[in-house]
Amino acid sequence: MQTYSMRIIVRLALLLAALLGGGNAHASCGSALCSFNSNWNELGQTMSGWMFDLRYSYSMADTLRSGLSKIVANPTDPALAGVEVENRRTINQLVTATLDYNHDEHWGVSLQLPYVMRNHSHSIGDPNPALVGYESFDAKAIGDIRLIGRYHWLPATFSDTTLGVKFGVKLPTGRRDFVIQQTSALPGEVTLQPGNGSTDLIVGAYWNRAEPGSAWSWFAQGSYEHSVHHLATFKPGDKVNVDLGTRYDIGHGFGALLQLNGLWLAEDKGPSAALTVGGVPSSGGSYYSLTPGLTYAATPASQLYVVVQLPFYQHVNGEQLTAGYALSGGMRLRF
């Protein structure tokens with residue numbers, strides 16, 4: 001019993017240490033959705049075959065922050081005359097289709113195809129309240145596709161544990177020609193568009209463990225993303241993502257899920273990167289979220305899931321819109 005307790009303590013310490021190395025970032029207009037792992041079973045999967053995952057996510061970024069603090073922007077401030085004022089909101093909806101293939105007990109690959117639906121509105125400042133203007137932006141299109149390969153193995157001394165590495169690329173497939181409705185001009189911030197024009201390399205690692213005869217399973221994964229080719233006017237910041245969690249088999253097909261999610265994003269670079277009125281970079285930051293959820297196995301080959309993501313730490317660079325929660329639901333089908 002003492003040995004088992006020590007193993008649990010060590011696992012939790014490792015999970016916490018990994019979490020503290022990451023965060024969750026939003027673009028200055030709140031265009032980024034929180035990330036979480038819906039592949040908690042697949043990380044330990046070694047059978048060959050196909051899997052399809054379809055997920056819908058929603059969030060509304062309507063809280064303006066500077067650093068850790070909430071702020072209220074005043075569009076009638078004379079210093080903001082003629083300037084975009086982020087005092088409204090960004091609604092993000094994302095439908096992501098993932099097609100995954102496991103070749104054998106070691107090799108696998110997944111293709112992620114996102115469809116982005118984004119609506120943003122802001123004020124144009126003026127000292128005269130009657131002359132304060134409003135602009136809106138609406139985009140619906142395919143986003144940037146990700147192709148991720150993986151290699152996993154089962155350590156000989158831990159038959160209930162899976163370790164693996166991931167490697168892949170994000171392609172510049174998303175549209176970036178949507179314009180502001182009132183002016184028919186491109187928005188100043190590339191991050192509002194479904195795609196950002198960059199080609200990124202992605203590397204990562206993951207760990208999964210299911211206790212024999214236990215209703216509990218544990219997982220952890222992390223990834224690093226770096227742009228290797230980008231627009232002349234915009235280079236996205238490097239990204240570190242961490243997902244850590246546990247799943248408990250309730251019975252009758254139901255499972256409870258709890259994750260700690262983090263993502264750290266460096267500042268974007270280039271003339272099209274977001275800035276405050278004073279010229280301070282307004283991109284990147286550190287965010288941490290708690291994500292509870294519920295799963296239901298309708299059949300041995302299908303699973304439904306729903307989660308709510310609750311940020312408990314949000315630190316942004318410059319001034320950025322942030323969301324108080326994100327909702328996601330989907331289905332996974334093996335065939």
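In this predicted model, Asp53 and Arg332 are joined through their side chains by a salt bridge, with an N to O distance of 3.7 Å. The two partners come from distant parts of the chain, 279 residues apart. Asp53 belongs to strand β1 (residues 49–67), while Arg332 lies in strand β13 (residues 302–334). Both Asp53 and Arg332 are buried.

The structure contains seven salt bridges. Among them are the Asp53 and Arg332 pair, the pair formed by Arg175 and Asp177, and the pair formed by Lys269 and Glu267. The table lists the closest N and O distance for two of these pairs.

| Basic residue | Acidic residue | Closest N and O atoms |
|---|---|---|
| Arg175 | Asp177 | 3.0 Å |
| Lys269 | Glu267 | 3.8 Å |

Are the residues of these two pairs buried, exposed or partly exposed? Arg175 has a relative accessible area of 40% and is therefore partly exposed. Its partner Asp177, with a relative accessible area of 46%, is also classed as partly exposed. In the other pair, Lys269 is partly exposed because its relative accessible area is 48%. Glu267 has a relative accessibility of 30%, so this residue counts as partly exposed. The reasoning rests on the cut-offs: a residue is buried under 20% relative accessible area and exposed over 50%, and partly exposed in between.

In summary, the salt bridge between Asp53 and Arg332 has buried residues at both ends. In the salt bridge between Arg175 and Asp177, Arg175 is partly exposed and Asp177 is partly exposed.

How values were computed:
Residues numbered from 1 in each chain as written. Predicted model: local features only at pLDDT ≥ 70, side-chain atom pairs only at ≥ 80, totals over all residues. Heavy atoms only, no water. Salt bridge = Lys/Arg side-chain N within 4 Å of Asp/Glu carboxyl O. Helix = DSSP H or I, 4+ residues; strand = E, 2+ residues; numbered from the N terminus. Buried < 20%, exposed > 50% of the residue type's maximum accessible area, 1.4 Å probe, protein only.
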